[in-house]
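These are my notebook entries on one protein chain. I went through the backbone, the charged side chains and a few strands, and wrote down what I looked up.

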Amino acid sequence: MISGVLKLRMSKLLMPTLREVPAEAEIASHRLMLRAAMMRKVAAGIYSYLPLGFRVLQKIMQIVREEMDAAGGQEVLLPIVQPAELWHETGRWDDYGEEMFKLIDRHERQFCLGPTHEEITTALVRNEVRSYRQLPLMLYQIQNKYRDEIRPRFGVMRGREFIMKDLYSFDRDEEGLDKSYWTMFHAYERIFARCGLTTRPVEADSGAIGGDQTHEFMALADAGEAEIVYCSSCDYAANVEKAECLTPPAEPTGREEPLVEVATPDVRTIEDLEKFFNRPASEMIKTLIYRGGDQVVAAVLRGDHEVNEIKLARAIGCLEVELADDKTIEEVTGAPRGFAGPIGLKHCKIITDPAVMAIEGGIAGGNAVDVHLQGVKPGRDFVPDKVVDIRKAQPGDPCPCGKGVLQGARGIEVGQVFKLGTKYSEPLGATFTDEDGVERPLIMGCYGIGISRTMAAIIEQCHDDDGICWPISVAPYHVDIVPVSYRDEQQRTTAERIYRELTKAGVEAVIDDRDERPGVKFKDADLIGFPLRITVGPRGLADGQVEIRWRATGEEYLISLNEVVSHVQDRITRAIAESECVRTQ
RNA sequence: CGGGGCGUAGCGCAGUUUGGCUAGCGCGCCUGCCUUGGGAGCAGGAGGUCGGAGGUUCAAAUCCUCUCGCCCCGACCA
């Protein structure tokens, strides 16, 4: 067994590292995954994993597997190719739309490449689960997923093919679901901690998938695509898509300003207005015309605030809204884009954010070319159809808890937990029979982890100018043994001996037997990011020593030949144990 | 889908504006010598339908038309 392992030599390992940065890569993880020979691109958003990258993926998958099993999950493997009928049953064949990879077989039957597996799992369970005695049930798989993203980007971060762990829970009631939900929540905390990631669970919007409660696990990173806010004094943390806002405090001045028209040639944006009137954006009243379903609405916000389209959609009771086109704007406001205001709108509801109501002498569009109104007082000059929170939370806002202030951060969504309820079990007819012989729909939850995205997120958090610094738990190999010159007999035999003994001791080691100059081997070691490097060279050997160097900390020291194996084995074993010993709540 | 940009050797690029020698350079690759503590040096060599198709021309990487792919910004997004 060991002898087989020992055949792995760097001279034969497929690890074509790149000196130069591929032009297509923008962010660190993408760049480094290409440079360190973890993967290669096949098409936009589609990648092949090379031996080193695949080992990392397997490490992550193994951690996920262990924690899912420990939480009571049962692993299955569901198909990638899925029949259209199933998706018609839930209505998602159309809802998912363009993002679904669709295909047709030789009999003209329609299929898709699974973007997710609620339908398949629920269909499986409806056929096989009958009784409350079989519940709760948690099924999971680690499988490729396919989404024809409009714009794949950042390497594996937003790919069209990606690896995901998805678990589905089936409970008899809400209480059971709640239990499953928090079991998964805590398992996720353990998984990401074990992967060496700093993550933050945040409240999120449940989006098209539906359901009541959901948290996203965000790996904090500047390269992240998601914006989050969190409170400085309480536990509140949320995706800005969801984050609630308190109205910033405003003391009424009791000031009454008359409403006047002001000629504002070519002044359209909030920035223009600030300059023109020499007043802050917080005294501007911004009016955006939106279309949602058959409705046209005016979203009225303070000039320094941004609209949260999800909240707006909810406020008017539709699934999504989009900014109205120029024609609609003209019909509603009677003016071209840039001069909309809340006063005198035609055939359109006015939805106003509470922050606007505190403005006393605001500046708003005049619904006519080159005209703005000054001295606008909401309530006096226009009456909203609805006053409701429709703005995007931003750093500096008061936290809903009333005490703290919201801080901003960016994150990579590496996991999400959802309470689905009966959203899929009902349309698919997945039911069970309870003690009273009553047939009820299963109460479901679903829980995803982006495996490949997690790999990228780890690199975003763990790298420096020289390359990746893998946490020991996910490193492709623990130790890289580098003889300064493999041709030198003493160095070669010493390095080989250490390699053999470490491998026998269960330490994952590679030996760099390439006939390269030391600089090349050191650079590759740093780039690939092995946690530990053992250098076997003439300097140390003269005193019967080799050099130890830890990648992440730069810690460096000499150790004698007869201690090196036990020392390394000991430190590696301890480091692994530490990574596994994460706090449980 | 809208806006911008790019396709020339495995990677990074020059050449295209103003058509004209055998299409270049650096890195990598192969052979040999030499060298071995942070991406060495010398010598020799291989590797290209210049993304593809059509057109203009005596002549096209270069000009025109169409097409495909890729990247960035936006919209979009379990």
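The entries below follow the order of backbone, salt bridges, charged patch and strands.

**Entry 1: the model.** I note at the start that this is a predicted model.

**Entry 2: backbone exceptions.** I began with the general expectation that most residues other than glycine have a negative phi, and that most peptide bonds are trans. I then looked for departures from it.

I found a cis peptide bond between Leu-135 and Pro-136, with omega at about -5°. Pro-136 sits in the loop between α6 (118-128) and β7 (137-146).

Next I checked phi. Glu-108 is not a glycine, yet its phi is positive, near 70°. I located Glu-108 in the loop that runs between β5 (101-104) and β6 (110-113). Is Glu-108 buried or exposed? Its relative accessible area is 65%, so I entered Glu-108 as exposed.

Asp-370 is another non-glycine residue with positive phi, about 60°. I placed Asp-370 in the loop between β18 (362-365) and β19 (371-376). With a relative accessible area of 25%, Asp-370 counts as partly exposed.

**Entry 3: a long distance.** I looked up Gly-379, which lies in the loop between β19 and β20 (386-387). Gly-379 is partly exposed, at 44% relative accessible area. I took the C-alpha separation from Gly-379 to Lys-41 and got 58 Å; the two residues are 338 apart along the chain.

**Entry 4: salt bridges.** How many salt bridges does the structure hold? The count is 39. I went through three of the pairs and one network.

The Arg-172 and Glu-435 pair has its closest N and O atoms 2.4 Å apart. Arg-172 is in the loop between β8 and α7, while Glu-435 is in the loop between β22 (431-433) and β23 (439-441), so this salt bridge ties together parts 263 residues apart in sequence. I have Arg-172 as partly exposed, at 31% relative accessibility. Glu-435 is also partly exposed, with a value of 47%.

For Glu-547 and Arg-533, the closest N and O atoms of the salt bridge are 3.8 Å apart. Glu-547 belongs to strand β30 (residues 545-550) and Arg-533 to strand β29 (residues 532-536), with their positions 14 residues apart in the chain. Are the two partners buried or partly exposed? Glu-547 is partly exposed, with a relative accessible area of 22%. Arg-533 comes out at 9% and is buried, since the cut-off for buried is under 20%.

Asp-570 and Arg-574 form a salt bridge with an N to O distance of 3.2 Å. Why are these two separated by about one helical turn? They are four residues apart in helix α17 (residues 561-580), which accounts for the spacing. Both ends are partly exposed: Asp-570 has a relative accessible area of 40%, and Arg-574 has 47%.

I also noted a network of salt bridges, which links Glu-66, Glu-67, Arg-190, Arg-194 and Glu-580.

**Entry 5: a charged patch.** Which residues gather in a patch of negative charge on the surface? I listed Asp-173, Glu-174, Glu-175 and Asp-212. I looked up Asp-173 in particular and found it in the loop between β8 (161-171) and α7 (174-194). Asp-173 is partly exposed, with a relative accessible area of 32%. Arg-172, from the previous entry, lies in the loop between β8 and α7 too.

**Entry 6: strand β11.** I followed the partners of strand β11 (residues 226-231). It pairs with strand β21 (residues 406-421) in the antiparallel sense, over six bridges. For the register, I noted Tyr-230 opposite Gln-407 in β21.

Strand β11 also runs antiparallel to strand β12 (residues 237-239), and three bridges join them. Here I recorded Ile-228, whose bridge partner in β12 is Asn-239. How many residues does the hairpin from β11 to β12 pass through? The hairpin joins the two strands through five residues. I closed the entry with β11 paired to β21 and to β12.

How values were computed. Residues are numbered from 1 along each chain as its sequence is written. Chains are lettered from A and ligands numbered from 1 in the order in which they are written. This is a predicted model: local features need pLDDT of at least 70, side-chain atom pairs count only at pLDDT 80 or more; totals for chains, interfaces and linings use all residues. Side-chain values use heavy atoms; hydrogens and water are left out. Buried means under 20% relative accessible area, exposed over 50%, partly exposed in between (1.4 Å probe, protein chains only). Patches are made of residues with over 30% relative accessible area and no salt bridge: like charges are joined within 9 Å, nonpolar side chains (Val, Leu, Ile, Met, Phe, Trp, Tyr) within 5 Å. Accessible areas come from the Shrake-Rupley method with a 1.4 Å probe; for residues, only the protein chains shown count as cover. A salt bridge is a side-chain nitrogen of Lys or Arg within 4 Å of a carboxyl oxygen of Asp or Glu. Lys and Arg count as positive and Asp and Glu as negative; His and the chain ends are not counted. The place of a charge is taken as NZ of Lys, CZ of Arg, CG of Asp or CD of Glu. Two strands pair if DSSP finds at least two bridges between them.
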